[in-house]
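Trainee: Could you take me through the inside of this protein, with a close look at one part of it? I'd like to know what sits around any enclosed space.

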Amino acid sequence: MSSEPSGNTRQAAATAQRVRHWWWQLNPHRQDRFAVLAPLAAVLLFLAAIVAAFGYLRLEEIDREHEAVRRDVEYTQQRLRLRLLERQEQLMRIARDISNRDLDPEEFQVRAEALVIQYPDLERLSWVDADMQVRSTYATASLQPGITPQSGEILASDETRNNFALARETLQPIYAQRGASGAAVPLLQLHIPMNDGARFFGVVLAEYSVDGLYRYGVPAEVSARYAISLLDDKGARLAGTNVPVRNPASTWLPWVVPANEYEVPVSPVGNGLILRAQAYRTSLGVIGSGLFWLVSVLSVMTAWMLIANWRHNRRRHQAQQALVAEANFRRAMENSMLTGMRAMDLQGRITYVNAAFCQMTGWKESELVGRTAPFPYWPDTDHENLSQLLSTELSGQAATPGGVQMRVKRPDNSLFDARLYVSPLIDSRGTQTGWITAMTDITEPNRIREQLSASFERFTTVLEALDASISVAPLGSDEMLFANKLYRLWFGNQTDGHLRLVAQAGIPTQAVNDESLDHVDSFVGLPTDVLPEAEPENAEIYLSELGRWLEVRTRYLSWVDGRLAQMVIATDITARRLAEQQAAAQADRAQNASRLITMGEMASSVAHELNQPLTAISNYCQGMVSRIQSQQISQQDLLDALEKTARQAQRAGQIIQRIRSFVKRSEPKRSWSRVADMVDEAVELAEIELRRRNVRLTCQVAPRLPMLMVDPILIEQVLINLLKNAAESVDSAQRPTAQRKVELTVVQAVVDGRQLVEFSVLDSGGGLPPEVLDRLYEAFHSTKSYGMGIGLSLCRSIVESHQGRIRAENLYNEALVAGCRFSFWLPVGEPVSIGSEPERKPIKSPG
């Protein structure tokens, strides 16, 4: 269909034009009215925009004021909350010390005085026992007497007693507001309960001055901007200031802004103490602002001036502004270009250069415009070549599409590399009037290109000189992207060696795909930016065709063209493998020597540990011989004695087997064992030694102890060693008969939430010298002339193999050593690491 208008369309348009012309001629006042209404409408829109802007700015101002009040109130609330929580934490420490009986009333009063002096908002601090009697109290001198009971008095206020009862029931800190009575100032009470887990001891009663919290807790910058007040749950003001109440009738005016206030409860007190802030009235509103009327008057005057000037200057400035805008636009384009522009006429004379060309070459515009060849920026040595190049350009021959590279001389004789692009200069009539040349500085790109080339050469040289084979190949392709000299020496230029190294190292590879056939990358969508950051995979392989051991390391990387590639680095480790084989042989020989040394240690252990069951066997046999000779033994007593002797012989065999296994550093044979059975077995054997030394043994085993996963023989051996050493210590101290005693205690303990069983052996001997404590568990170190010094070392090894811990400590009666205690702990159930020891109270001497 033709886009030209038809004859009927042109005729209708002409008729409409004639009708409009006839209408304007018949109604000339219509034209004047339109000319008047158009500027008037613009002025009205301008005034509407001014009013809307004022309204919007006022609303934003109100929102900002509300947000500022809310932010400052929440900041003040946080300050008060942190202040109260800090005081509460210190008071809870005092309550904890009282519960632990570490603080008496006199010490409490000293600490209370320090806290009241340190914190001015704290008016009184009292210790109230469980009977509501004040044990001790301290108050500021400014506190009105008679408000709270003194030391020895009973809490009389019903409100305080109710809060005391609530703290006793909940065992939680209770905040309560004590209302002002008469001239008394309002106080905030804090009841902190004291208990030892089962019994309620009373409370630590702290009374804060609400006015003090306001004066010291509210930041000065906040109270300077707002009327800050602290209210109770009924809205009554306790402290602070209030803004005078406005006239209620003024709130109905549309331009009057409501009071800007915000309130929030003070944590941790809750709704019993509310923080309220009300902004002082600093704004007069939009209507009452002189700026509003000034802007209104100026807007009216501006509108009148706009109407007056618009009609007179519109046509005169249109052409001028268009011309100036066009000229400025072209000049801005020329001056903003980073590319140097040079224009020449057909004779080769320079007619124009832009600012970038002058800045690039260093020559001024006056020094270049009007000049012909040779130009000032031509180097002296290149005049002949550049003249031939200029003649070729002026003759109209086709220029090089990529431009021409040349050197340019600056006024200081320095040179830089530049690339020139020449094209014909065509005027508005389509006639060529000269040539236009664009010049860019390529000195830096040339330098970077040379550095990259040198860097690539150095990098290639380093890779070629490495003593490791390096190859890079894309996944799923037979193409070799890179291979250094050693790889080519071992495997040639094909990817067979690369794939063989990957396959033999056990690293999965991808099969060759049909990417070369359909030009589709089968790995599209694979996150190549993640794979190169993965840890490299290592493997050691042996290549029979090379006769070498190789360490193969692989990792994925993104190749320069974006493809996912795999790099393989193979290092010759044949010499290292030979050294490792030699080291393994040396380790075997060292183990043989170590076993010979262990045999000597085991012989000493067996000699020491078998002394106890063999002594028991000897005592049983001597007792049986003596009673048989005197014919004072029955058949049943003889059988019992023989059974005990057989058990001790069997025990000696078991000790030999256990000690032999333990010295070999193998895990003991553990089973679920009852604590009472192990203690009975150990006590039965150790009592022989204690009776011989006239030492009394007291054994206390807590009921319902849990079973332990231990080797009972080894644990019994530890108990026997400790009991025997305790008896020897008491005997060597030559204590009186009443003080010659040893106590064995077994109880259950809890440390860090872990269940433990504690074994404790306490004697009344002479204790351990300080120099012995440092070497107590050292093998072959003994304080006894006949000892071998391996008993306690073996005990420690046995306990620690059960994931337990052993400890020794002296007991003191004032400054004198009154005995010694050995304790060890074993975990209940599965063995766990013991990080700390259970807390214990101070131990007095057994005498």
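Mentor: First, a term: a cavity here is a set of grid points where a 1.4 Å probe fits but cannot get out, and its lining residues have an atom within 4 Å of a point. Keep in mind that this is a predicted model. Searching the whole structure turns up five cavities of 30 Å³ or more, and the largest holds about 80 Å³ of space. Around that largest cavity you'll find Arg342, Phe375, Tyr377, Trp378, Leu386, Leu389, Leu390, Glu393, Met406 and Leu420. Sorted by type, that lining has eight nonpolar residues, two charged ones and no polar ones. Helix H10, residues 383-394, gives the largest share of the lining, with four residues.

Now for the packed parts. In soluble globular proteins, nonpolar side chains tend to be buried together. Here the largest nonpolar core has 46 residues, and Val675, Val742, Phe759 and Phe824 have the most contacts inside it. Several elements each supply at least two residues of this core, among them helix H18 (675-692), strand E23 (741-751), strand E24 (754-763) and strand E26 (816-827). H19 brings the largest share, 10 residues.

Zoom in on Val742 and skip its neighbours within four places in sequence: its contacts include Leu690, Val695, Leu697, Leu723, Ala726, Ala727, Val730, Val761 and Leu762. Arg696, Thr698 and Asp763 are also in contact with Val742. There's a second, separate core too, with 44 residues, including Leu80, Phe108, Trp127 and Phe201.

Methods:
Residues numbered from 1 in each chain as written. Predicted model: local features only at pLDDT ≥ 70, side-chain atom pairs only at ≥ 80, totals over all residues. Heavy atoms only, no water. Core = buried A, V, L, I, M, F, W, Y, C linked by side-chain atoms within 4.5 Å. Buried < 20%, exposed > 50% of the residue type's maximum accessible area, 1.4 Å probe, protein only. Contact = heavy atoms within 4.5 Å. 1 Å grid on protein atoms, 1.4 Å probe; cavity = no way out; pocket = protein on both sides within 12 Å on 5 of 7 lines; lining within 4 Å. Points joined across faces, edges and corners; volume = space filled by probe spheres on them. Nonpolar A, V, L, I, M, F, W, Y, C, P; charged D, E, K, R; others polar.
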